[in-house]
Number of protein chains: 8
Amino acid sequence: LRTGFPEVIWGPGKTPEQIAQIMQAMRDRNASFPGNWGAVVMATRIEAEVYDRIREIIPQAIYYSTAKICALENDGFMKPRPGTIGLLSAGTADLPVAEEAAITAELCGFRVQRLWDVGVAGIHRLLSNVQVLTQADVLIVVAGMEGALPSVVAGLADCPVIAVPTSVGYGASFNGMSALLTMLNSCAIGIGVVNIDNGFGAAMLAGQILRTAAKIDKE
Amino acid sequence: LRTGFPEVIWGPGKTPEQIAQIMQAMRDRNASFPGNWGAVVMATRIEAEVYDRIREIIPQAIYYSTAKICALENDGFMKPRPGTIGLLSAGTADLPVAEEAAITAELCGFRVQRLWDVGVAGIHRLLSNVQVLTQADVLIVVAGMEGALPSVVAGLADCPVIAVPTSVGYGASFNGMSALLTMLNSCAIGIGVVNIDNGFGAAMLAGQILRTAAKIDKE
Amino acid sequence: LRTGFPEVIWGPGKTPEQIAQIMQAMRDRNASFPGNWGAVVMATRIEAEVYDRIREIIPQAIYYSTAKICALENDGFMKPRPGTIGLLSAGTADLPVAEEAAITAELCGFRVQRLWDVGVAGIHRLLSNVQVLTQADVLIVVAGMEGALPSVVAGLADCPVIAVPTSVGYGASFNGMSALLTMLNSCAIGIGVVNIDNGFGAAMLAGQILRTAAKIDKE
Amino acid sequence: LRTGFPEVIWGPGKTPEQIAQIMQAMRDRNASFPGNWGAVVMATRIEAEVYDRIREIIPQAIYYSTAKICALENDGFMKPRPGTIGLLSAGTADLPVAEEAAITAELCGFRVQRLWDVGVAGIHRLLSNVQVLTQADVLIVVAGMEGALPSVVAGLADCPVIAVPTSVGYGASFNGMSALLTMLNSCAIGIGVVNIDNGFGAAMLAGQILRTAAKIDKE
Amino acid sequence: LRTGFPEVIWGPGKTPEQIAQIMQAMRDRNASFPGNWGAVVMATRIEAEVYDRIREIIPQAIYYSTAKICALENDGFMKPRPGTIGLLSAGTADLPVAEEAAITAELCGFRVQRLWDVGVAGIHRLLSNVQVLTQADVLIVVAGMEGALPSVVAGLADCPVIAVPTSVGYGASFNGMSALLTMLNSCAIGIGVVNIDNGFGAAMLAGQILRTAAKIDKE
Amino acid sequence: LRTGFPEVIWGPGKTPEQIAQIMQAMRDRNASFPGNWGAVVMATRIEAEVYDRIREIIPQAIYYSTAKICALENDGFMKPRPGTIGLLSAGTADLPVAEEAAITAELCGFRVQRLWDVGVAGIHRLLSNVQVLTQADVLIVVAGMEGALPSVVAGLADCPVIAVPTSVGYGASFNGMSALLTMLNSCAIGIGVVNIDNGFGAAMLAGQILRTAAKIDKE
Amino acid sequence: LRTGFPEVIWGPGKTPEQIAQIMQAMRDRNASFPGNWGAVVMATRIEAEVYDRIREIIPQAIYYSTAKICALENDGFMKPRPGTIGLLSAGTADLPVAEEAAITAELCGFRVQRLWDVGVAGIHRLLSNVQVLTQADVLIVVAGMEGALPSVVAGLADCPVIAVPTSVGYGASFNGMSALLTMLNSCAIGIGVVNIDNGFGAAMLAGQILRTAAKIDKE
Amino acid sequence: LRTGFPEVIWGPGKTPEQIAQIMQAMRDRNASFPGNWGAVVMATRIEAEVYDRIREIIPQAIYYSTAKICALENDGFMKPRPGTIGLLSAGTADLPVAEEAAITAELCGFRVQRLWDVGVAGIHRLLSNVQVLTQADVLIVVAGMEGALPSVVAGLADCPVIAVPTSVGYGASFNGMSALLTMLNSCAIGIGVVNIDNGFGAAMLAGQILRTAAKIDKE
Ligand SMILES: Nc1ncnc2c1ncn2[C@@H]1O[C@H](COP(=O)(O)O)[C@@H](O)[C@H]1O
Ligand SMILES: Nc1ncnc2c1ncn2[C@@H]1O[C@H](COP(=O)(O)O)[C@@H](O)[C@H]1O
Ligand SMILES: Nc1ncnc2c1ncn2[C@@H]1O[C@H](COP(=O)(O)O)[C@@H](O)[C@H]1O
Ligand SMILES: Nc1ncnc2c1ncn2[C@@H]1O[C@H](COP(=O)(O)O)[C@@H](O)[C@H]1O
Ligand SMILES: [Mg+2]
Ligand SMILES: [Mg+2]
Ligand SMILES: [Mg+2]
Ligand SMILES: [Mg+2]
Ligand SMILES: [Mg+2]
Ligand SMILES: [Mg+2]
Ligand SMILES: [Mg+2]
Ligand SMILES: [Mg+2]
């Protein structure tokens, strides 16, 4: 496995049958590498009706409905990895993207601490939960509309911050463009940005960072 | 005078001689309305060398170098108006725009309380000066790059907030576009946005708001 | 209540059941603050079918169909506040946004004077209703397509103008972008701009301005 | 001559010597068609210093400094053509574009009635000069920043309106983009738009319209 | 009637019942001005099913299906006006926009000569129909995708050209943006541009031009 | 040599000394492959003053001033290659880009037939030179502003067309964006587009096409 | 036949009946040129249901479902042409565009060698299939999202590369804009770009290139 | 020190005197925290002439000319930190940005392994240096124009990749926009993107990642 993480199936544009078949093939291939790290098989952007059909074919398939992730989990893949991912979201509408990140990270074996609805327009809610920031080894911060949360968070925290703009908003949000630009222009230090709505990619980057930490550990 | 404020001269594209001539004509016209509110004459976006030449023609002309405003002040125009304008800026580079707003407001007779360098990447500096927000009747918030400050401020304050994006930044700031979009997409309540770098317009809107307050007062 | 206004529910992406539940929770919380200003509970961007389902759960829920607002009103919340909001719209297609602003403002207790269909291509209709402009303490001006109405209005009026671009138009209107840019670039004085189609936000800003007036009043 | 108008020289990127040489060649070619309509030779976007050098080579060359047009005029070319072009501009900074249109039209033999500084933020100045609109056979309306003037004018006038956006403005004017979009989205009837700052093209289109009128006349 | 043309109803966002009611009201108002020029009542962007319902209410309503125009015609309104409109389109997919222009012009009483499918990639078809260009008093040229047809036509013709970009295309056509920019940047002389897909507006501008011609005629 | 063409030096951002040094190093390396195809060494985007300094260091350096190319030519590299490149440009201002393509192609050993100033607004000039199109094996078509020339040319020719948009224009040309979009959206068949102002790249693609032809020949 | 290739029908916006009728007309016209090169008749962007209806009318119509192409093939049209087209795609989702190119090329008589799923994020898969690149006479490279594949391919290959950006992606892919810009900005030599999703156009350009080769061959 | 890194001075818009004064103030403040991690004082985007003036004021000031960084180094600040940063750049013109990242990282005490000129158009150079990728704990990849390098690198490496788009390019590179979009849309896993030309920010993020690693180490 090239990157050490499971190859993940991108759901859109595939039939439930195709997805089920790829999942089974991946599981079988993984079975020849018992106990290995990336042994989970997952598919993202799966609608509930698509999952219903997949489950008819693969009864063990599990579904995370907010995250829209379908997964085949197997024994041992979830032994906890070192490091904690703090996962923050600005508004209720950002939850699907935030949960895509959270479930992906958990399926990779990482501990995730969630903190929802801490948008900057009500800064006190963030400030009264600041321990989530100080306890994390890496932070994923999800926000749409003005996308200002990662800047504030990176100013308060002392670890890498992965900023995920979402397409939440209307009018001049231009489908996430506004939040994306905000995050790229942040004055705060230690922020890396991923594509709009890319919760999956953020979790993968967080995982890479924690694995680096673990490897240096052993040097 | 149509709006009750001085007609202001937009400097760019005019020679010093033209500016001086218009200023004198305006002052003379204003002289026929003694004691009136808008009696100050001012020009914006005036470079230092342009001012040097104007002063040769009109020795009483005053210059505010950071704000790049040149003004003819006369007795009585500065009697304090009711209401306080809180004026915040995010970074050092935003100062010219912030001062354009500040001087414009002061030349209109309003009290201005400045709070500089309170960008959201260091939120504690803003939080330890929160009395500026609570004491103001209207706030002008100036920010470039990610432009997130007005959102945080509007969440903390209980008065109208005028957001001024600046062209400060580079790369994906797209000359203020990023900050502008951030401000338009704010989740916070009570924000009105003006054009990029338009400190003058923000002060005029703040003035209109305070005049409305004063007029309702008399009802 | 942070801002002194009711927390409002953003309808899109929520089920009728979720909306009804949040409305009930908000009403119950508000009941502990009897007679308070922001005691109304409201949800925006509610389609007629969504309302039908909400009413089955909460029979007292009221629906404003053009504004697409669903509200729980209770005794005393509507005692008139000082100040009048003049509310203008350019074309028929702008009405949903204009009514979102109007109903929001009225649910906050403000007097609203409506003036519809006064687009600049037929300037005489605006000019023969100019008393709406002179009698208002704050103006909300809603326009799509070229979005030129706020400029003309701000030139005629002597109070703050809140400009609301709408996504009405086609082709080079780019979903409200054209109207938004027009309003940001206005040469007129005293204009603050909100997001495309954000009638709600305009009403909230107008409310903030009138509350400021009322507070200064008491100084 | 293909279009019946003089071929005009586009100045930018040519040396004064090249411009002078092309002008002379064109004049000589025109001389073989005595008394013809398009007998004037002109060059646009000519800076003052470029003209100074051209005049050394061609002493009869005339310069219109605001319009930045250099011309070789000859006997008879200016006999008045039927029809009047009303030419309006919104602000002082739009004058170079407006004069490019005016001089071009006059060099083609048309009568031009100018009306400067009638921006929509002060609508009364336009309304007290409405006879310029009613007396014109075709109108050219030049405006930068919000670019709203053509809409208002087309609503008041009963003839074709040629809208010329200018690059005047800053920030969200995006070098004339905002004014251009405004004009393309106008709700008013009878507007054709030309490129940003294209005063020359507007005059040529106005000329084509009046020539059509003259030709139908003779049918 | 302000502009001398019928006020036209913009169909989108209105119910069939609303459209029918406005059409009847307009017809009744027009009836008090017998024999007048603009006596036709029309609605644009009307889908076939909408028309079916309108006809149930107003049996005399006529439908032009490619143009998607619904009209109430009455005696005498169609007496031919002086002048011919040449109407060209580049491709088959541009026909709805071209027909919107054609029917609008014909309903205003103008003679229209159509020339379809003369896109620049097959220039010979245009060249073998060049008489359409020379016989017209004003040309409307409709094109999507690269939008190059108006440039070629304006080079061949000696009358005003109204360029109509369409949203036909895919990928980098950006919904008509590409064709719009092409037309605004044309090197040819005598072109005015209208909004993307605005066949109606093009016909109205052509009508204005021909009416100007007719009026000067009488001077 | 990877592609069979000379590695070319991109001038901007390098000092004359650096350029001269790289040119000498390349020539020396090429010397070990006597008689080879890509033996010429060239640098693009070289201003005249930069060349003056280069020539002091390398006296044999040759300069093509319109193309802004500096080259070291050596014996044998210019033996003619099979195939003819037809090279068309729309306007005078496009010449530097067109000559960059022409000189590059000639330095690679290809025959180039130039046809300048055949913009679509005067289609007859193109049509009376149509033999340039029919005699070429590949065409390079350079155009700015509306960028319509490649469409017309590809419709007339029966060989591959390489379209080069230029940044020539103003206002809505957006530095070549308009011409670029036009070319990408062409309805004509057989067009490949290169970057704005990329005459060099167009010549290299043309060269690749002709080399392919030559190689298939030998199969 | 102007270009030597079949005129192809663009499916979108046409009814199945219209498409069938045009196909029959074209076949009949082609029948009068027996044995000719372009004798195939084809329609692109045909959905499966549209094909079902076409086949009812023309039973011999063939359907390529991934390519969404419907064709009428006839004897002799497919005799192999000289030259091989290498056809690469980056990801699974790019297949419809890649197959549109492949089938078009094959229907024109060219040999196509496919290489799917060689995206740059897993460069080894491309490198272990490098013989596809070296054996081709022209390459078509299809990629969405970051669109980086053509750059890598052009660096490895020694023949012309036609780059086809696809609209595959989400968020900042902006419907293919990102991939398009990547391809236009490539540092590699010998790349021509076509419109987003334009597999058909790429095949036609490849065909033109190979025909040029064949013609030069005969010189 | 908030983030554990030195506060860095942003040079643009400050006079040499101002920069020198801030540097001295920072050094004095740092002196009270002897031996601390962030004890270096640095200023970015410093032109050579600005440095010359700074050195007159602070003789110990050091200058890194390609990186345009001016620094005050003091004993002990440079004791090596655990972890290696691999730093790749695509082209020569990207060097200033790459060196800004390199020097910043080295001034923070990190080991940096540079690999220049490994753009994807010549993939073999990257492949023959693949040990730089496998030996690094975090990678910074700098690229302009098509910006494809980070995708290829992230596919080969097994550690976090920080992608830095540069404004290098012309035409459709749109000042780094193209490279930025490419990086955001990468299919490869484990990439975080920073602003265009933000070498400094990339180094800071890399530093944060390595510090996280060091801290987890101690758990
Ligand atoms: N939610 C997601 N967001 C972004 N990339 C994803 C997501 N899910 C899967 N992918 C990527 O898509 C690839 C699988 O695509 P496919 O082969 O079409 O299933 C994986 O290797 C991932 O890199
Ligand atoms: N129509 C609207 N336009 C803009 N913002 C709104 C609108 N309606 C509600 N909101 C905002 O959305 C917030 C509620 O979001 P939510 O918690 O998702 O219901 C409120 O506090 C308002 O600030
Ligand atoms: N100010 C102007 N704006 C737009 N087009 C112009 C202008 N001046 C000249 N032109 C056009 O440029 C052409 C001459 O370009 P050139 O051959 O480069 O001198 C003329 O035929 C005009 O169509
Ligand atoms: N090259 C750079 N790129 C991005 N941000 C920088 C750079 N150099 C300094 N900064 C930031 O700018 C801040 C200093 O700005 P100032 O107070 O204006 O000197 C620092 O705290 C850094 O976060
Ligand atoms: Mg931090
Ligand atoms: Mg507030
Ligand atoms: Mg006013
Ligand atoms: Mg009119
Ligand atoms: Mg013409
Ligand atoms: Mg052809
Ligand atoms: Mg190659
Ligand atoms: Mg990797």
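Strands S2 (residues 41-44) and S4 of chain G run antiparallel and are joined by 3 bridges. They sit in an open sheet of 4 strands, ordered S1-S2-S4-S3, with mixed pairing. This is a predicted model, so read what follows as a tour of computed geometry. After the chain G sheet come two ligand sites, a pair of ring stacks and a proline in chain E.

**The sheet in chain G**

- Going through the S2(G)–S4(G) pairing, G:Ala43 has G:Cys70 as its bridge partner in S4(G).
- G:Ala43 also stands opposite G:Ile9, and the strands involved there, S1(G) and S2(G), pair in the parallel sense over 2 bridges.
- S3 (residues 62-64) of chain G is joined to S4(G) by 3 bridges, and that pairing is antiparallel. Within it, G:Ile62 is partnered with G:Ala71 of S4(G).
- S3(G) and S4(G) make a hairpin with 4 residues between them. In the turn, G:Lys68 has a positive phi of about 55 degrees.
- Which strands form the edges of the sheet? They are S1 (9-10) and S3 of chain G, each of which pairs on one side only.
- S4 (residues 69-72) of chain G sends G:Ile69 and G:Ala71 one way and G:Cys70 and G:Leu72 the other way. Buried or exposed? All four of these residues are buried.

**Ligand 2, between chains A, B and C**

- Ligand 2 lies between chains A, B and C, with 13 residues surrounding it. The closest are A:Tyr170, C:Val8, C:Trp10, C:Lys14 and C:Thr44.
- By class, those surrounding residues come out as 7 nonpolar, 2 polar and 4 charged.
- Two side chains reach nitrogen atoms of ligand 2: an N or O atom in the side chain of C:Thr44 is 2.6 Å from one, and a polar side-chain atom of A:Tyr170 lies 3.1 Å from one.
- C:Trp10 uses its backbone instead, placing an N or O atom 2.9 Å from an oxygen atom of ligand 2.
- On its own, ligand 2 exposes 500 Å², and the protein buries 78% of that.

**Ligand 3, between chains D, E and F**

- Ligand 3 lies between chains D, E and F. There are 13 residues around it, the closest being D:Val8, D:Trp10, D:Lys14, D:Thr44 and F:Tyr170.
- The shell here holds 7 nonpolar, 2 polar and 4 charged residues.
- What does D:Trp10 bring to ligand 3? A polar backbone atom of D:Trp10 is 2.8 Å from an oxygen atom of the ligand.
- Side-chain N or O atoms face nitrogen atoms of ligand 3 as well, at 2.7 Å for D:Thr44 and at 3.1 Å for F:Tyr170.
- Taken alone, ligand 3 exposes 500 Å², of which the protein buries 78%.

**Aromatic pairs**

- Over all chains, the structure holds 16 aromatic pairs.
- One of them is A:Tyr170 with C:Trp10: the ring centres are 5.2 Å apart and the planes are at 20 degrees, which is under the 30-degree cut-off, so the pair counts as stacked.
- That pair crosses between chains, with A:Tyr170 in the loop between strand S8 (161-165) and helix H7 (177-184) of chain A, and C:Trp10 in strand S1 (residues 9-10) of chain C.
- A:Tyr170 is buried, at a relative accessible area of 17%, whereas C:Trp10 counts as partly exposed at 33%.
- H:Tyr51 and H:Tyr63 are also stacked, because their ring centres lie 4.7 Å apart and their planes are at 10 degrees.
- Since H:Tyr51 is in helix H2 (residues 48-57) of chain H and H:Tyr63 in strand S3 (residues 62-64) of chain H, the pair ties together parts that are 12 residues apart in sequence. H:Tyr51 and H:Tyr63 are both buried.

**A proline in chain E**

- E:Pro59 sits in the loop between helix H2 (48-57) and strand S3 (62-64) of chain E.
- Why does E:Pro59 count as exposed? Its relative accessibility is 59%, and the cut-off for exposed is over 50%, so the label applies.
- E:Pro59 and E:Leu72 are 13 residues apart along the chain, and their C-alpha atoms are separated by 9.7 Å.

Technical notes
Residues numbered from 1 in each chain as written. Chains lettered and ligands numbered in written order. Predicted model: local features only at pLDDT ≥ 70, side-chain atom pairs only at ≥ 80, totals over all residues. Heavy atoms only, no water. Buried < 20%, exposed > 50% of the residue type's maximum accessible area, 1.4 Å probe, protein only. Pairing = 2+ DSSP bridges. Near = heavy atom within 4 Å. Polar contact = N/O pair within 3.5 Å; in protein donor to acceptor, adjacent residues only side chain to side chain. Areas by Shrake-Rupley, 256 points an atom, 1.4 Å probe, with all protein chains shown as cover. Nonpolar A, V, L, I, M, F, W, Y, C, P; charged D, E, K, R; others polar. Phe/Tyr/Trp six-rings, centres within 6.5 Å; stacked < 30°, edge-to-face > 60°.
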